[in-house]
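Please open the structure in your viewer and keep the selection panel at hand, as the tour moves from one selection to the next.

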Amino acid sequence: MAGDEPLTAAVQPPTTELEEDLVEILEEGSGRLDIARYVDHVRDLAAGAIATFEGTTRDHFDGRRVVELRYEAYSAMARRRFEAILREARAAHALRRLAVAHKLGPVPAGEASVFVAASAVHRADAMEACRYVIDEIKASVPIWKKEVYDDGEVWKENREFFDRTDAAATPADHKKGHSKASGGGCCGSKVRVMEES
């Protein structure tokens with residue numbers, strides 16, 4: 001054929017590991033977390049292990065009946081922090097794929113609000129990455145939780161957030177009676193809420 005030019009394959013840019021990972025924040029009214037989808041996402045023929053963590057709303061806390069949890073977030077910042085956490089997990093562990101999802105709005109007792117899945121060649125990497133991701137979510141992602149009881153409600157802080165900010169506080173901060181949680185940073189405006197006795 002006259003004028004034929006050699007066929008060339010389109011060169012695709014290399015896929016980054018983060019592009020293979022899944023980050024999902026379900027806005028209120030989006031339905032339940034699709035656990036099977038996240039597990040399927042991390043499946044990989046080179047992976048010998050898949051580890052998962054599913055955080056669910058328990059029906060009692062401190063002797064009170066819990067009806068639901070309600071989550072609010074600064075979604076754009078939460079997504080950026082999720083992506084950073086996945087990069088950190090990849091830097092520390094030999095991972096194949098990761099998935100993380102968090103539901104916003106009301107989450108009734110027995111339903112999942114957060115899910116993490118990690119696949120790796122070996123189980124230790126998958127399990128440790130899963131633990132790292134959920135601990136970092138609780139410590140540093142701008143998502144806030146209100147616990148709704150059958151007789152009232154209260155905003156709840158994550159212990160991991162205050163453990164980290166208290167540990168980062170300087171001796172001068174402690175003398176003044178506050179930690180670095182009181183200012184700056186993505187979650188510096190989180191406040192410790194104490195129930196009235």
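Begin by selecting lysine 145, which in this predicted model is part of strand β8, spanning residues 143-149. Its relative accessibility is 16%, and because the cut-off for a buried residue is under 20%, lysine 145 counts as buried. If you now add its surroundings, leaving out the neighbours within four places in sequence, you will find lysine 145 in contact with Leu69, Arg70 and Tyr71, as well as with Val154, Trp155, Lys156 and Asn158.

Next, select the positions to which UniProt, in an unreviewed entry, assigns the feature "binding site": His122, Arg123, Lys138, Lys145, Lys146 and Glu147. Among them, turn to arginine 123, which lies in helix α4, residues 123-140. Is arginine 123 buried or exposed? With a relative accessibility of 64%, arginine 123 counts as exposed.

Move on to helix α2, residues 35-42, and highlight Tyr38, Val39 and Val42, which are buried. These residues lie on the same side of α2, because they cover an arc of only 95 degrees around its axis. To see what the buried residues of α2 pack against, display the strands β1 (22-26), β2 (49-56), β5 (95-103) and β7 (112-120).

Finally, select the whole protein, in which 6 helices and 9 strands can be traced, and in which 39% of the 197 residues count as buried. Among its contacts with a separation of 6 or more, 71% come from residues 24 or more positions apart. With the surface switched on, the protein exposes about 11700 Å², of which carbon and sulfur atoms supply 51%.

Conventions
Residues numbered from 1 in each chain as written. Predicted model: local features only at pLDDT ≥ 70, side-chain atom pairs only at ≥ 80, totals over all residues. Heavy atoms only, no water. Buried < 20%, exposed > 50% of the residue type's maximum accessible area, 1.4 Å probe, protein only. Helix = DSSP H or I, 4+ residues; strand = E, 2+ residues; numbered from the N terminus. Arc of directions from axis to C-beta. Contact = heavy atoms within 4.5 Å. UniProt positions renumbered as here; feature names shortened; annotations may be inferred. Areas by Shrake-Rupley, 256 points an atom, 1.4 Å probe, with all protein chains shown as cover.
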